[in-house]
Amino acid sequence: MTSNRLNLIASLFVLAGLVLLVVGLPDNRIMWLLGLGAVGVAMVVAIGTRVTEQREEEEGEQETGQGGGGTGEPT
Amino acid sequence: MQTNLPVTVGYWIAAFLPILILLVLLVWRRWPTSAAAPVALFVAVGVALWLFRTPLDTLAVATGKGIWDAIFVLYVIWPSLLLFKVAEDAGAFEAIQAGLRRLMPDRLLVVLAFGWVLTSFIQGIAGFGTPLAVTVPLLIGLGVKPLYAVLLPIIGAAWGNAFGSLGTTWFATQSVVDLQNPEATLLYAAILLWIPNLLAGITISWLYGRWWGLRRAAPAIAVISLLHGGIQLVLLQVVPALATFIATAAAFAAIFVLNRWSFYRQEDEDEPNRLFVRGAWIGKEGEGEAEAADAEPGAEGRVQEQETEQRMPLLIAFAPYAILAVLAVVALLIPPITNVLEQVEVGLPFPETQTGYDVQQESVDAYAAFTPLTHPGTLLLISALAGYVLFRSRNLYDADETPATIGRDAAAQALPATTAITALLIISKVMDHSGEITVLALGIAAVAPDLVYLAASNFIGILGALITSSNTASNVLFAPLQATAAEAEGLPVSLAIAAQTAGGATGNALAPGDALLGMTVAGIPERLGELIGRALPWALITGILVSAGTLIIYFVTGGGG
């Protein structure tokens, strides 16, 4: 699973969460709780992008055969 | 502000924890924002639930509002990336680079023109990240290193946040605070905002070439800052909505006059190159030691440039951005048109909320209603579409470059920012609705003696912008508290609000939302922590000088009333 796919999944969960929150907030407790849950799942998935991004970076470095990176910009 | 919030050291530290964790993960641990922001969000939620007696329904409302705020920002990011890709794939930035090299040979002046003057000009019309969305790709196209392409305009436009976007922040501030002497507030704010403005010019020149940069840029800095600060100072008393716009427009015109001055036509062999990537730059030829040794800088490079300019003249290359500027002026500055376009308004309803410590938020029928037809995102989208049609009609795309591939490239860049921005703006709302932000501000007010509080009031503004990524939100959040605290301490409310406004503007240089937008457009969102780490010293020095300026105004005016 790529980090972008995870971000896409997280974004879809956020959108679903917003819809459930807006529709449910006046008086439908189950619905807004589901909305809150959906946003929570989205955030957990987003945290998962750290792992996938690290893996993607390692794979990228292996492909280019270079360690490190950096732009050598002055500070 | 009637609450029962416990303003203790323990609660203050707990309230600060989400921000601390976010900064540690971003700046020190170098986590991507899309992962760091959700962690900080879970901390903010945990603190809200267990310490600030925040019910789940309040959290639900805060979450919904945060997502809605994020949609507002994301509607700038996605179209701006689309516009960037439309121009990039057609080769517009190479053409802009070649054209500007001929028209404006002094690259320090070019950096000031884009990183300070143009970005402030756009800020004067439309904020919400639009200045970064436009200037970051242009600076990168000119050969500026991506990190600096974001750092320069985010510092350069900070001062313009206070009265930019046609005075949005000022009018929002007036709606939450009953100012007895608004003229005095405007005057003090204009004086204090001159500090971040002047420091922006100085810092950009310093980053360009240390002492060499400062010496070379001194006349330009003097002229531009005089126009920015001076015109704003005078016009704020007359037309607060247009003061920044007119001031920045005057400075924009002045850049072209400065460009014709022989001082900015001199070659200097000692000119340093700190901001430009090697081999891709404007101004002088043959830059980049290793590359320059192999390259034949003169004739060959010039032929290439002529070919680029023949393929795409500067005016055509710049057309999507010119269309954007025209659209913004027409949609936002011509009242009859603006009034018609603003008939369409979208906002979401949210019920009232209350916490166990009596932190209340009223119900709203249309929360943060925005007008899609005058929203910068729509203007960017139209510019992107117009740019695509124009470039396609001139056969400037390769056969494999279709709207679908351009859209896919833009989406790949925008997706990480989408989750990150959403998490950041939910944090802001959770901290607001739970009372965490109020405890932070009340804590500073409680321990600081009166003059120390006055000096610190701009830092509360900076803190607000850091949390909410918005000068307007910072003022809406903290201006009532600043007014109450100033009255209680016998300090001039007008001066405290002016300091808050200047702080909110300065803090925008650290605003994670705006910064992430810029870094996403630059294609380096994972380096957000590095950017904030570089902008932090500027914001702190500016904050200290604004504090000093606030105290000087207090003493010079005999109490600032």
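B:Glu88 and B:Lys85 sit three residues apart in helix 3 of chain B (residues 56-90), which is about one turn of the helix. In this predicted model, their side chains meet in a salt bridge, with N and O 3.5 Å apart. The two partners see the surroundings differently: B:Lys85 counts as buried, at 12% relative accessibility, whereas B:Glu88 counts as partly exposed, at 36%.

Now for a pair that reaches across the sequence. B:Glu271 and B:Arg107 also meet through their side chains in a salt bridge, at 3.2 Å from N to O. B:Glu271 lies in the loop between helix 10 (243-260) and helix 11 (289-294) of chain B, while B:Arg107 belongs to helix 5 (residues 107-125), so this salt bridge ties together parts that are 164 residues apart in sequence. Both B:Glu271 and B:Arg107 are buried.

Helix 22 of chain B (residues 528-556) brings us back to a pair within one helix: B:Glu530 and B:Arg534 are four residues apart there, or about one helical turn. They form a salt bridge whose closest N and O atoms are 3.7 Å apart. B:Glu530 is buried, with a relative accessible area of 17%, and B:Arg534 is partly exposed at 22%. The pair is also part of something wider, since salt bridges with shared partners join B:Arg527, B:Glu530 and B:Arg534 into one network. Over all chains the count comes to five salt bridges.

Here are the three pairs described above, side by side.

| Salt bridge | N to O distance |
|---|---|
| B:Glu88 and B:Lys85 | 3.5 Å |
| B:Glu271 and B:Arg107 | 3.2 Å |
| B:Glu530 and B:Arg534 | 3.7 Å |

What about the interface of chain A and chain B? The rule finds zero salt bridges across it. What you do get is 26 residues of chain A in contact with 36 residues of chain B. About 2700 Å² is buried between the two chains, and carbon and sulfur atoms give 72% of that area.

Both chains also contribute to a nonpolar surface patch of about 460 Å², made by A:Leu33 together with B:Leu49, B:Trp50, B:Leu51 and B:Leu56. A:Leu33 lies in helix 2 of chain A (residues 29-64). At 31% relative accessibility, A:Leu33 counts as partly exposed.

Stepping back to chain B as a whole, its secondary structure comes to 22 helices and four strands. The C-alpha trace spans about 75 × 55 × 50 Å along its principal axes. For 561 residues, a compact globule would have a radius of gyration near 24 Å, and the 23 Å of chain B agrees with that. Buried residues make up 61% of the chain. Among contacts in chain B with a separation of 6 or more, 80% are between residues 24 or more positions apart. As for the surface, chain B exposes about 20400 Å², with carbon and sulfur atoms supplying 64% of it.

One last residue to look up on the structure is B:Ala172, in helix 8 of chain B (residues 164-176). Is B:Ala172 buried or exposed? It is buried: its relative accessible area is 16%, under the 20% cut-off. Leaving out residues up to four places away in sequence, B:Ala172 touches B:Thr472 and B:Val476. B:Ala522, by contrast, is 350 residues away from B:Ala172 in sequence and 31 Å away in space, C-alpha to C-alpha.

Key
Residues numbered from 1 in each chain as written. Chains lettered and ligands numbered in written order. Predicted model: local features only at pLDDT ≥ 70, side-chain atom pairs only at ≥ 80, totals over all residues. Heavy atoms only, no water. Helix = DSSP H or I, 4+ residues; strand = E, 2+ residues; numbered from the N terminus. Buried < 20%, exposed > 50% of the residue type's maximum accessible area, 1.4 Å probe, protein only. Contact = heavy atoms within 4.5 Å. Patch = residues over 30% accessible without salt bridge, like charges linked within 9 Å, V, L, I, M, F, W, Y side chains within 5 Å. Areas by Shrake-Rupley, 256 points an atom, 1.4 Å probe, with all protein chains shown as cover. Salt bridge = Lys/Arg side-chain N within 4 Å of Asp/Glu carboxyl O. Rg over C-alpha atoms; globule rule 2.2 N^0.38 Å. Buried area = accessible area lost by both parts, 1.4 Å probe.
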